[in-house]
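I opened this notebook to record what I looked up in the model, one topic at a time. The entries follow the order in which I worked.

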Amino acid sequence: MRPFGYLAPPDPAAAIAAVAGRPGAAFVAGGTNLVDLMKLGVAAPDLLVDVTGLLPGLIEPVPGGGLRIGAGVRNSDLAADPGVRAGFPVLAQAVLAGASGQLRNMATVGGNLLQRTRCLYFQDVTKPCNKRMPGSGCPARTGDHRNLAVLGGSPHCVATHPSDMAVALAALDAVVYVQGPAGLRVIPLGELYRLPGDRPDRETTLERGDLITAVEIPPLAYAGNSAYRKVRDRASYAFGVASVAAALDVAGGVIRDVRLAIGAVAPVLAGRPATAEWFGRATDAELAAATPLPDNAFKLTLVRNIVVRMLCELAGEAS
């Protein structure tokens, strides 16, 4: 690791100013991802600005049945919160699927959303990587890409985002509160992340000095009928080969609404029978735009099976 400075500012405004005014500075809270990247030589900040204790650490209900989660909330506290477990089980399940208990005790909500990809080429500084060094190439396209993207990739990058929590929050239409040099703004989670395109090194729409302060889930009457399913190569804590977050509203065997993190399939499903056939048709339509590589084409069948089975379970139907 390279030498770096450390700053513990008195308030969020001072932390934001410190990072905004120094290109080599980085926020740190739990550090479960950043410290690993520093050890690998992937990240080399010259100043760590500690926001531990500066970010909201509460989980609070909002009018109408929504939820506001401070960016400083530890993942373990989020997964164990009774209101989250009862009202938003998809979120609790996603957090529990994401890491070991030790890591959840350290990791924060804000940091979880901003963790970097686990692509092998990104983490190996001896290999080229457009995400780490723009213009150097993407060896994953012809190399080890089994766990990488089948949707949303580009000729420059096929890395995937590793956050399980983000998948669940996307299905719940969450928004992110961001405080930065330009003031406070609210960003829909779907607009927080950027597709790789020709600039895979820019992963989010955040600007230098922007600090996530909270996440808010809007009211959703059927959020209690939700679930998260993750498929991985081994049963212990591992990054997923594929995962799906879903919430389903069914009345009299007919779908009234559905939320899926893998895409907006509600227009295909709404008003249809809650059966495996229609769940399969909707998933096929969503995956039609996929551009898999030779070694990860199996994900299309895998994702289809996960979606159909999960929605059947939420609808109380046999798959």
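**Entry 1. Terms and the sheet that begins with β4**

Before reading any strand partners, I noted that two strands pair if DSSP finds at least two bridges between them. I also noted that the model is a predicted one.

I looked first at the five-stranded sheet. Its strands follow the order β4-β5-β8-β6-β7, the sheet is open, and the pairing is antiparallel. I then asked which strands stand at the edges of this sheet. They are β4 (59–62) and β7, and each of them pairs on one side only. From one strand to the next, the twist averages 25 degrees.

I went through the pairings that I could look up. β4 is joined to strand β5 (residues 66–70) by four bridges, and the two run antiparallel. Within that pair, I found Ile69 of β5 as the bridge partner of Ile59.

Next I turned to strand β6 (residues 175–180). It runs antiparallel to strand β7 (residues 183–188), with six bridges joining them. I recorded Leu184 in β7 as the bridge partner of Gln179. β6 and β7 form a hairpin, and two residues lie between them. β6 also runs antiparallel to strand β8 (residues 211–217), here with five bridges. For this pair I noted that Val175 has Glu216 in β8 as its bridge partner.

**Entry 2. The sheet of β9, β10 and β11**

I then examined an open sheet of three strands, ordered β9-β10-β11, with antiparallel pairing. I asked why one side of β9 and of β11 is left without a neighbour in the sheet. β9 (226–231) and β11 (254–260) stand at the edges and have a single partner strand each, so each has one side without a neighbour there. Neighbouring strands of this sheet are turned by 25 degrees against each other on average, direction ignored.

I checked both pairings of strand β10 (residues 242–251). With β9, β10 pairs in the antiparallel sense over six bridges, and Ala242 in β10 is the bridge partner of Val231. With β11, β10 is again joined by six bridges and runs antiparallel. In that second pairing, I saw Val250 opposite Ile255 in β11.

I also looked at the turn between β10 and β11. The two strands form a hairpin with two residues between them, and Gly252 takes a positive phi near 60 degrees there. Finally, I looked for what lies across this sheet. Helix α13 (residues 298–315) lies across β9, β10 and β11, and runs at about 30 degrees to β10.

**Entry 3. His161 and its surroundings**

I located His161 in the loop between α8 (120–123) and α9 (164–171). Is His161 buried, partly exposed or exposed? Its relative accessible area is 35%, so I entered His161 as partly exposed.

I listed the contacts of His161 next. With its neighbours within four places in sequence left aside, His161 is in contact with Asn112, Leu113, Gln115 and Tyr193. I found the backbone oxygen of Leu113 at 3.2 Å from a polar atom of the His161 side chain. The backbone nitrogen of Ser163 also lies 3.2 Å from a polar atom of that side chain. I took one C-alpha distance as well: His161 and Leu148 are 9.2 Å apart in space and 13 residues apart in sequence.

**Entry 4. Helix α9**

I followed the chain from the loop into α9. At the start of α9, a side-chain oxygen of Ser163 reaches to within 3.4 Å of the backbone nitrogen of Met165.

I asked how many of the eight residues of α9 are buried. Seven are, so α9 is largely enclosed by the rest of the structure. The buried residues are Asp164, Met165, Ala166, Val167, Ala168, Leu169 and Ala171. Just after α9, I noted that Asp173 takes a positive phi of about 60 degrees.

**Entry 5. Enclosed space**

My last search was for cavities. Rolling a probe the size of a water molecule over the atoms shows where empty space is left. I found one cavity of 30 Å³ or more. About 100 Å³ of space lies in the largest cavity. I then asked which residues lie nearest the centre of this cavity. They are Cys119, Cys129, Cys138, Cys157 and Ala159, from a lining of 17 residues.

Methods. Residues numbered from 1 in each chain as written. Predicted model: local features only at pLDDT ≥ 70, side-chain atom pairs only at ≥ 80, totals over all residues. Heavy atoms only, no water. Axes fitted to C-alpha atoms, helices over the stretch in contact; angles between N-to-C directions. Contact = heavy atoms within 4.5 Å. Buried < 20%, exposed > 50% of the residue type's maximum accessible area, 1.4 Å probe, protein only. Polar contact = N/O pair within 3.5 Å; in protein donor to acceptor, adjacent residues only side chain to side chain. 1 Å grid on protein atoms, 1.4 Å probe; cavity = no way out; pocket = protein on both sides within 12 Å on 5 of 7 lines; lining within 4 Å. Points joined across faces, edges and corners; volume = space filled by probe spheres on them.
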